[in-house]
Amino acid sequence: MVVNTHTDQCGDADAGLFENALVMIAVLDKRGKIIAWNHAAETITGYTRDTVIGTTTIWRRLYPDQQYRNSVTGRIMEILSHKKYFENLETTIRTKSGDSRIILWNTKEIVQDGKTHAIAVGMDVTSQREADAFRESIIDNANVLIAVLDSQGYIIIWNRAAESITGYPRNEVIGKRDIWKHLYPDAEYRRTITRRITGIIAEHRYFENLETTIVTKTGEQRIISWNTQQIGFHGAVREIAIGRDITEQRQAEEALVAYMTEMAMRIKQPVGIIRDNIQEVVNLTRAGKITTDEMIMILESQARNATQITVNVQEFQKAIIEKNTQIPDAYREFLNG
Amino acid sequence: MPNLVNPEELEKRQIFLILASPASLRQRNIDVIMQVSALGYHTIVVTTNFPYTVLRKLYGETGVDLASVSFIDTVTRASIGTVTDIPGVVRYINSPSNLTDMGIAVTEELKEKTGKKVCILYDSISTMLIYLTSPNISKFIHFVTNKLRLMDISGVFLAVEKGLDPMLMSQLTTFVDTVIDAG
């Protein structure tokens, strides 16, 4: 019946195309009554042409939520108020089985045999949108700062980690290119970084593990290790910048170096001092230059030094445990002991 | 005897950091005392390694006028227990870590020597590092060097060469006027 209707409307040559199209096609008369409903429309919505043709109620079924339906209608009315068709209007329909599908609509008004019809073509983009959402979710939930810039340097993606690390929400960053001035407020430092980046990119077109210190919105300094990559996107160049916040890592490394040098100063060298003092006691005793009491005083003093060094070692061990959370429990217990 | 300290710089009340090998640290102490005493200075020695009696003997052997040297001894009291200060000769404190008592002893000793040419010798920063963290040592030396400058007094700090980390070394370098590598 529908094919006949369709044939009536579009001609025999297009009947196969209409019926076998991978997109849903609905033809509506001037009053909004469905006069054609192709196979893809049946498959996507679950509603057969028998239940749809000659009615206007399909839209209530596809948009059962009144509020949502009203918003869709409002958007359509708004578009149709200044043109006779709409393009790439995305809506979410409810199928007969209760599933949700995302449909990208395009319409066209045609006049045939003096009658005006509207053809609505709906592409099921559910899988595509789910994939997009999944990709966006990965980008948004990554624990590294991800910024994507267009060829002019305008930020087009600024993920949640970027917001969290820098303190700048995406609405203050997207579509702008002055974020770097905020992150590098010191003009001289900014110039230095820019020179380095420009130099590296001129040579390699990307850079790896470039460390810079940014200033967050709250004025805190964070050390970021940057990696970038250029990608082509529909003929345009995009720059992806991935920044890993290595502030804690660097602080732990600096603390470790500080502890190691402090340990060298307060353990290794003092042990040498004790050794030399004891040797000197030996020499002075052999030469008969010091009394037994003096010898005992010096040796006791060296024993106190040694005791203090033991205390220092324990302090260092505790400090290292506190600063480094990666130490396995068995070693942690040993160092604490 | 090597001339460790430039007499003209000493006259300008400069402050020196002398770095020596562990084995020669004691000898450098004696060298400084000999030279400074010969220039007519009274030296206050803050000793953290040897009791003052031993140092006094060693100085005496080299012909130093012992009246030109007094001591702040951080070693003896911890071994013997109760000891009484000997005016003009020695003041005892109980540990190299007791910076408050050390500061008081230095201040009182300097008061006693008002009007004299005085030099103060700390032997040694390296031993003090057993008892104090490098930030505390740094603060203490900053405090002492400021005090010496205000009182227009020369000072010498002894330390084991290569025994100070780059951070502490750079801080000490800014506090003193001259760093001498005495080997």
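**Sheet and helix packing in a predicted model**

Biologist: What order do the strands of the chain A sheet come in?

Modeller: The order is E2-E1-E5-E4-E3, 5 strands in an open sheet with antiparallel pairing. Strands here are DSSP E runs of at least two residues, helices are H or I runs of at least four, both numbered from the N terminus, and two strands pair if DSSP finds at least two bridges between them.

Biologist: Is this predicted, and how is it numbered and filtered? What are the cut-offs?

Modeller: It's a predicted model, where local features need pLDDT of at least 70, side-chain atom pairs count only at pLDDT 80 or more, and totals for chains, interfaces and linings use all residues. Residues count from 1 along each chain as its sequence is written, chains are lettered from A and ligands numbered from 1 in the order written, and side-chain values use heavy atoms, leaving out hydrogens and water.

Biologist: Which strands stand at the edges?

Modeller: E2 (34–37) and E3 (89–94) of chain A; each has a single partner strand, so one side of each lacks a neighbour in the sheet.

Biologist: How many bridges join E4(A) to E5(A)?

Modeller: 10, between residues 100–112 and 115–124, running antiparallel. A:Gln112 has A:Lys115 in E5(A) as its bridge partner.

Biologist: What packs on the sheet?

Modeller: Helix H7 (residues 126–141) of chain A, touching E3, E4 and E5 of chain A. Contact means heavy atoms within 4.5 Å. The direction of H7 makes about 135 degrees with that of E4(A); angles run from 0 to 180 degrees between N-to-C directions, with axes fitted to C-alpha atoms, for helices over the stretch in contact.
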